[in-house]
Amino acid sequence: MSHHPSVSSSPSSVSAAAASTALRCSGLAFSWPDGTPVLDGLDLAVGPGRTGLIGRNGSGKSTLLRLFAGALTPTGGTVGATGEIGYLPQNATLDTGLRVDAALGIARTRAALHAIESGDVREEHFTAVGDDWDVEERARAALDQLGLGHIGLDRTVGEMSGGECVLLRLAALLLARPAVLLLDEPTNNLDLGARRRLYTAVDSWTGVLLVVSHDRALLERVDRIAELRDGDIAWYGGPYSVYEEAVATGQEAAERMVRVAESDVRRQRRELGEAQRKLAKRRRYGQKSADNKVVPRAVANERRRAAQVSAGKHRTLQTRRLEQARERLDEAVEAVRDDDEIRVELPYTAVPPGRDVLLLHDLTLRHGLRLRGGLDVRGPERIALVGRNGSGKSTLLRTIAGELEPLAGEAVTRVPVRYLPQRLDVLDDGLSVFENVARQAPEATPNRVRARLARFLFRGAKADQPAGTLSGGERFRAALAALLLAEPAPQLLMLDEPTNNLDMASVRSLTTALEAYEGALIVAGHDLPFLRSIGITRWLALDDGGLRPATSDERAGEGGGRLHST
């Protein structure tokens, strides 16, 4: 029986939603317009409570959320929800000219309320307000809950950082109070204080929550884990630590089964060999008896035929047992997780210890942030750049990379520089992964480009997939491949929130690659465990007072809120 694609939802109150709201899909299939399959025949039902959806980059997690939200149309099967859906996408970009009240969805109601307060009593204004007379108070409370109390309702999105925009989108969802909340990598770009406020919002959510994340601290707050793997869902009760324990136990059992199956295959091979030796021996004995006329030829021939039939049956039995043992071994091997990891091989980038790499002198950035004094980077230094959302980390890196002109002062680089931005907008969505990488290195042969892409898990047809169809983690891998294959090779590498959207295996691979990197490195981020793992030699904090050495609390992740000058 065929299923026709459909998206359905029905309104319900938030109180009823806690008891009855669910997400569901049956036989769900989705392929991109170029025919690249993502999901095929997926069945899933999500009930009340907090569910963490995990899986390798490219497994279809974000696509599934977009299908539930109605942002994509299935190519097969059905998908639906009971209750209104609120959706926070992975790349929550907003029009920079949009006002905060419009982003919160209250601009019309607020304008009507102000009109009434100024004496305009037309019926249309009362209709627009309805019963929502405290809309401004609730909006400010939602903003304050997420640490955005300093953001005025009349400000524009262009005045906010990427992290603040994520929180603004979440505030809009909390204000709308949907029955179902879909969050796709919500902690990307958030500083430590903002993450904690988001965790609090998740802890207090009473409806249905489905969150895609690689943030361990967030996944420790869910009621259950759903892993999307090879097109199917596996359920694990409890938070991420319970999932890890279950997977580790399963891996140990699967590896034991492989060892048992391998031993069985070896035994069956020995027994088959023994059966073949016995058959050959009986043939020789029968032929010798006939030749020496120990018994009449007719009797010898009959005995030989009987022995051959018996030995043949035994050999057939042993051959069948060996085939079965091999099948059991194949099944056991299949049960063992063998997740590919990216193999990042950085080009030769050594910088002598005393060489000038970067000079910042009395720099004034966009939005008026001034870096008093200067900053010198020499040799293969590794600098971690930390600070709250909106402190100007991305603006500083873009200025160093030459994408933004400083308002005053100078930023001088003495070596080849490569910059991987937070939003990964270095890729042309209309071009394939191969074409995006090849245009960064026009001298490289197609075979060399494809060989480099294979190390980033873009093999065969995957390398020809349009960049616009990639998941967040796949997009990072493609952007990193383009960055590292570009010529000349970077001796100053700048990464802005590089672990956003990466699964944990890819983070480990990136860590290993950066450990081997011999150039200068500047990494802006809030992922302190990652920063500590890559051998940072200097920690700098950026705030209203400019650049300064980070405090021990900031390095350890304590405090988490606004950074202050010392």
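In the predicted model, helix H12 (residues 393-400) lies across strands E11, E12 and E14, and its direction is at about 120° to that of E11. The three strands beneath this description form an open sheet in the order E12-E11-E14, with antiparallel pairing. Strand E12 (370-378) and strand E14 (408-413) are the edge strands, each pairing on one side only. On average, neighbouring strands of this sheet are turned by 5° against each other, direction ignored. Strand E11 (residues 356-364) is joined to E12 in the antiparallel sense by seven bridges, and Asp-356 stands opposite Arg-378 of E12.

A second region is centred on strand E8 (residues 208-212). Here the pairing is parallel: five bridges join E8 to strand E4 (residues 49-54), and five bridges join E8 to strand E7 (residues 180-184). Within these pairings, Thr-51 is placed opposite Leu-210 of E8, while Leu-183 has Val-211 of E8 as its bridge partner. Between E7 and E8 the chain passes through helix H8 (residues 192-203), giving a right-handed β-α-β crossover.

The surroundings of E8 were examined next. In a regular strand, side chains alternate between the two faces of the sheet. Both faces of E8 are covered, with Val-208, Leu-210 and Val-212 buried on one side and Leu-209 and Val-211 buried on the other. Because five of the five residues of E8 are buried, the strand is largely enclosed by the rest of the structure.

Definitions and conventions:
Residues numbered from 1 in each chain as written. Predicted model: local features only at pLDDT ≥ 70, side-chain atom pairs only at ≥ 80, totals over all residues. Heavy atoms only, no water. Buried < 20%, exposed > 50% of the residue type's maximum accessible area, 1.4 Å probe, protein only. Helix = DSSP H or I, 4+ residues; strand = E, 2+ residues; numbered from the N terminus. Pairing = 2+ DSSP bridges. Right-handed = clockwise from strand over helix to strand, strands pointing away. Axes fitted to C-alpha atoms, helices over the stretch in contact; angles between N-to-C directions. Contact = heavy atoms within 4.5 Å.
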